[in-house]
Amino acid sequence: MNAPPVILLGAGGHAKVVLDLLRLTGRTVIGVCDPILEHKPGGLWRGIPVLGGDDDLLSHVADTVELANGVGSLPGQSTRHKLHERIIALGYRFATLVHPSAVLSESAILGRGAQVMAGCVVQADVQIGEGTLVNTAAHIDHDCQLGRHVHIAPGAVLSGGIRIADNVHVGPNVTIIQGVTIGTGAIIGAGTTVLHDLPEYHQLIGQAPRSPTPL
């Protein structure tokens with residue numbers, strides 16, 4: 001069965017990377033919706049038509065297309081998550097995307113709309129939740145469980161058996177040792193080595209913890 005055509009949401013940096021992935025996997029991209037309308041509807045962005053804002057999706061019947069979330073993820077921001085939930089509530093579905101250069105175990109489970117980008121390694125029995133982004137060259141070892149709308153930033157390394165709850169941000173080049181649990185909404189800063197469990201909404205920058213702050 002042929003895959004349906006794709007509409008890309010967002011026209012920034014992450015969207016460029018997602019568009020490359022879609023093209024490499026042979027998906028047909030029929031246009032881009034730019035939520036902040038930086039690009040004029042009716043024009044072209046990187047060779048694909050600009051359809052307008054997100055509301056212009058409504059001219060496409062939900063079960064005839066898939067969407068690709070091109071909105072990036074930054075610590076403490078929920079734009080990507082909120083866009084996903086709002087569009088899902090309208091009856092649309094997000095494509096689950098794996099870059100051709102990623103190494104993905106056949107026993108790994110990916111939720112709807114998860115993205116595994118170039119150079120990633122996802123090992124046996126890993127579970128990746130809905131809308132979660134595993135970014136460039138991240139490594140996730142066996143039996144890790146990632147919740148919904150997690151961001152694993154470029155170069156992060158997760159050892160075996162790690163549990164990561166929803167809406168966690170794991171920064172670039174973070175290392176998390178085996179068996180650690182990370183609570184909902186936690187933020188782990190770039191280059192940090194995580195040796196112990198972190199409670200929900202905790203912020204760990206380097207090795208200096210900050211007080212928990214709800215997002």
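The charged end of Arg46 lies over the ring of Trp45, at 5.9 Å from the ring's centre. Please keep in mind that this is a predicted model. How many aromatic pairs does a search of the whole structure find? The result is zero.

Let me turn to the nonpolar cores. In general, nonpolar side chains in soluble globular proteins tend to be buried together. The largest nonpolar core in this model has 30 residues. Which of them touch the most other members? They are Ile152, Leu158, Ile164 and Ile176. Another core lies apart from that one; it has 18 residues, including Val18, Leu22, Val29 and Trp45. Trp45, a member of this second core, is also the residue whose ring lies beneath the charged end of Arg46.

Let us look more closely at Ile152. Neighbours within four places in sequence are set aside here, and Ile152 is then in contact with Leu133, Val134, Asn135, Ala138, Leu146, Leu158, Ile164 and Val170. Two of these partners, Leu158 and Ile164, were named a moment ago with Ile152 among the residues that touch the most other core members.

One of the contacts of Ile152 is Asn135, and I should like to consider that residue next. Where is Asn135 placed? Asn135 is in the loop between strand S12, residues 133-134, and strand S13, residues 139-140. Is Asn135 buried or exposed? Its relative accessible area is 11%, and buried means under 20%, so Asn135 counts as buried. The side chain of Asn135 makes a polar contact of 3.5 Å with the side chain of Thr136. When residues up to four places away in sequence are not counted, Asn135 touches Met117, Cys120, His151, Ile152, Ala153 and Pro154.

Strand S13, at one end of that loop, leads us to the sheets. In general, the strands of a sheet pair through backbone hydrogen bonds, either parallel or antiparallel. Here, six strands form an open sheet with parallel pairing, in the order S7-S10-S13-S16-S19-S22. Its edge strands, each pairing on one side only, are S7 (103-104) and S22 (193-194). Within this sheet, S10, residues 121-122, is joined to S13 by two bridges, and Val121 stands opposite His139.

Finally, there is a pairing between strand S1, residues 6-9, and S5; it is parallel and extends over four bridges. In this pair, Ile7 stands opposite Leu67. Which way do the residues of S5 point? Glu66 and Ala68 point one way, whereas Leu67 and Asn69 point the other way. All of these residues are buried.

How values were computed:
Residues are numbered from 1 along each chain as its sequence is written. This is a predicted model: local features need pLDDT of at least 70, side-chain atom pairs count only at pLDDT 80 or more; totals for chains, interfaces and linings use all residues. Side-chain values use heavy atoms; hydrogens and water are left out. Rings of Phe, Tyr and Trp (its six-membered ring) pair if their centres lie within 6.5 Å; planes under 30 degrees apart count as stacked, over 60 as edge-to-face and the rest as tilted. A charge sits over a ring if NZ of Lys or CZ of Arg is within 6 Å of the ring centre and within 35 degrees of the ring normal. A nonpolar core is a set of buried Ala, Val, Leu, Ile, Met, Phe, Trp, Tyr and Cys residues joined through side-chain atoms within 4.5 Å. Buried means under 20% relative accessible area, exposed over 50%, partly exposed in between (1.4 Å probe, protein chains only). Contact means heavy atoms within 4.5 Å. A polar contact is a pair of N or O atoms within 3.5 Å; within protein, one must be able to donate a hydrogen and the other to accept it, and residues adjacent in sequence count only if both atoms are side-chain atoms. Two strands pair if DSSP finds at least two bridges between them.
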